[in-house]
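Welcome, and thanks for taking a look at this one with me. Please have the sequence and the 3D view open as you read.

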Amino acid sequence: MLITKLKDREEIISFFDLRPFVFKCFGCKEVYFPEEEVDRLIEDNRNKITGIARVDYLCREEFSKVYIEKVSLEIERSGGVVVFSCGVGVQVIAKLLEEKKVLAGCDTYYLNGFQGLSVQDFNCQQCGECYLNYTGGICPITACSKGLLNGPCGGAKNGKCEVNPEMDCGWELIYKRLKKIGKEEILKKKKVLVRDYRRIITEKPVVKE
Amino acid sequence: MTRLKEALESKKFVVTGEIGPPKGVNVESCLEEAEKYLKGKVAAVNVTDIQSAVMRVGSLAISKKLLEMDIEPVFQMTCRDRNRLALESDLLSAYVLGIRNVLALTGDYVTLGDHPQSKPVFDLDSVSLLKAMKDLESGKDLAGNELDGAPSFFKGAVVTPCADPLEPQVMKMEKKIFAGAEFFQTQAVYDIGLFEKFIKEVSHLKVPILAGIVLLKSAGMAKFMNENVSGVFVPDELIKEMSVPKEDRRKKSVEIAARLIKQMKDMCQGVHLMPLGWDKEVPNVIESAGL
């Protein structure tokens, strides 16, 4: 969980229109997680969700798989899945629920000296402005070698990255995932994304022991 | 208004050329070639920006040199080496030096070039660089601060028309237009069928497109591009055609380029010639294509 903050209230409230299923992770909560705020949000919107799973270490794919099986009916009935966790947790759920719209409820902030608890296929750079809601749950900062926010660079060959041919082109994965969930129009949005590096420099929360 | 913009607005079929600055300070031969083979024959000349991430003389300096020679440059800018402060500052500098055409690119990754140890920047990308230009034109920088005097540019971008899948390319092209792109130059085209398909896909976008023509130098080069260069597809027939004795290759290459131009002439607004060192052949290509 590292350090997370809830995304803008307005954005999160709009998620409930989907009639979603909610995952709330409380692994590594010893660090910092707006748990009470999330609980309040869920309580306020109780009748708008198909169910909730409170789990720890959502980032562990094999555990999450089991959780998902337990709540598969509620997930099936939902119009999407909202995940309150760090960026890794969201990406794991998005991978396991390829055909669902998976949304991040939090931004993950940079935390000195804390890099998660286990080796992961997915990476979260703790950029403090989670982009997973634009990109189908695949992180453009870590899955794209150039960390591009506005689409593929055009350097991929046969789906592989120009920097490392062993690596898939992150943007082709994003495009395919969005297409699968019928949300490729997100990429057509008239919006130019520019990173705000203050989030990892001057705006990162200070954790007091 | 730049000559390039004027030419495109006049609905003439427009030709642009390209030069790559040298690695080292001996710029004379590169400028001489531009004078001899490009001046008066093309509407504008692109100057590549640390092409292939191989360190060399900058695009800004050579663009200015071209201006002094009365050749209109297209100042290429990549996002690989500079953060937004440096990019915006260089844009202002370019304007002050009289440079008006700017082409925004993301740029090859540093590990592909000759300084693989260096730090990759990519603070902005091709889309946000276009936005930065548009913001500067409006009198404000990307952070919203007021400028004392706003520049004005003719803003270009690139697209890969033969990419597979094509849809993400089209989406990004739309994004570039939204961000401010006013013209497009494309990655090399060798397959007319694929190009025609692309042109149909983007027929709703009202921006001039200059199709990229890279002179084939040998059958081996064609095969290499097929295997390694993104979005470039040289059909087998062209590879066969290029399989001629070394002394006949230039002639064959010019013939193929001219034929491609003739085939594409009614589909787009011009061509962008990338001779990759064979600058001498540019006038021959233009003549053989009947332009």
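In this predicted model, strand S2 (residues 21-25) of chain A and S3(A) run parallel and are joined by five bridges. For a concrete pair to click on, take Val22(A), whose bridge partner in S3(A) is Ile52(A). Strands of a sheet pair through backbone hydrogen bonds, either parallel or antiparallel. The two strands belong to an open sheet of four strands in chain A, ordered S3-S2-S4-S5, with parallel pairing. Its edges are strand S3 (51-55) and strand S5 (102-104) of chain A, each of which pairs on one side only. From one strand to the next, the twist averages 20°.

A helix accompanies this sheet. Helix H5 (residues 87-96) of chain A lies across S2, strand S4 (81-84) and S5 of chain A, and runs at about 175° to S5(A). Elsewhere in chain A, Gln126(A) is worth a look on a backbone plot: its phi is near 55°, a positive value in a residue other than glycine. You will find Gln126(A) in the loop between strand S6 (106-109) and helix H6 (140-143) of chain A.

Now turn to chain B. Here the strands form a closed barrel of eight, running S1-S2-S3-S4-S5-S6-S7-S8 with parallel pairing. The twist in the barrel averages 30° from one strand to the next. Strand S1 (residues 14-19) and strand S2 (residues 44-47) of chain B run parallel, with four bridges between them. Within that pair, Thr16(B) stands opposite Ala44(B) in S2(B).

Next come the helix pairs of chain B. Two packed helices are described by the angle between their axes and the distance between the axes. The table sets out two such pairs.

| Helix pair | Angle | Axis distance |
|---|---|---|
| H5(B) and H6(B) | roughly 15° | within 8 Å |
| H4(B) and H5(B) | about 50° | 10 Å |

The axes of helix H5 (residues 126-137) and helix H6 (residues 167-179) of chain B cross at roughly 15°, which makes H5(B) roughly parallel to H6(B). Their crossing is right-handed. On the H5(B) side the contact is made by Ser126(B), Val127(B), Leu130(B), Lys131(B) and Lys134(B), and on the H6(B) side by Lys172(B), Lys175(B), Lys176(B), Phe178(B) and Ala179(B). By class, these residues divide into four nonpolar, one polar and five charged.

Helix H4 (residues 84-96) of chain B packs against H5(B) at an angle of about 50°, and that makes H4(B) oblique to H5(B). This crossing is right-handed. H4(B) brings Leu87(B), Glu88(B), Leu91(B) and Leu92(B) to the contact, and H5(B) brings Leu129(B), Ala132(B), Met133(B) and Leu136(B). Seven of the residues in the contact of H4(B) with H5(B) are nonpolar, none is polar and one is charged.

One peptide bond in chain B also deserves a check: the bond joining Asp164(B) and Pro165(B) is cis, with omega about 0°. Pro165(B) lies in the loop between strand S5 (154-159) and H6 of chain B.

Finally, how much area do chain B and chain A bury between them? The answer is about 2,500 Å², with 58% of it on carbon and sulfur atoms. Chain B gives 34 residues to the contact and chain A gives 28 residues. On the chain B side, Met171(B), Lys175(B) and Phe178(B) lose the most area to chain A, together 23% of what that side buries. Two of these names may look familiar, since Lys175(B) and Phe178(B) also take part in the contact of H5(B) with H6(B).

Key: Residues are numbered from 1 along each chain as its sequence is written. Chains are lettered from A and ligands numbered from 1 in the order in which they are written. This is a predicted model: local features need pLDDT of at least 70, side-chain atom pairs count only at pLDDT 80 or more; totals for chains, interfaces and linings use all residues. Side-chain values use heavy atoms; hydrogens and water are left out. Axes are lines fitted to C-alpha atoms, for helices over the stretch in contact, and angles run from 0 to 180 degrees between N-to-C directions. Angles under 35 degrees count as roughly parallel, over 145 as roughly antiparallel, 65 to 115 as roughly perpendicular and the rest as oblique. A crossing is left-handed if the near helix is turned anticlockwise from the far one by less than a right angle, and right-handed if clockwise. Contact means heavy atoms within 4.5 Å. Ala, Val, Leu, Ile, Met, Phe, Trp, Tyr, Cys and Pro count as nonpolar, Asp, Glu, Lys and Arg as charged, and the others, Gly among them, as polar. Two strands pair if DSSP finds at least two bridges between them. Buried area is the accessible area (1.4 Å probe) that two parts lose on being put together, summed over both.
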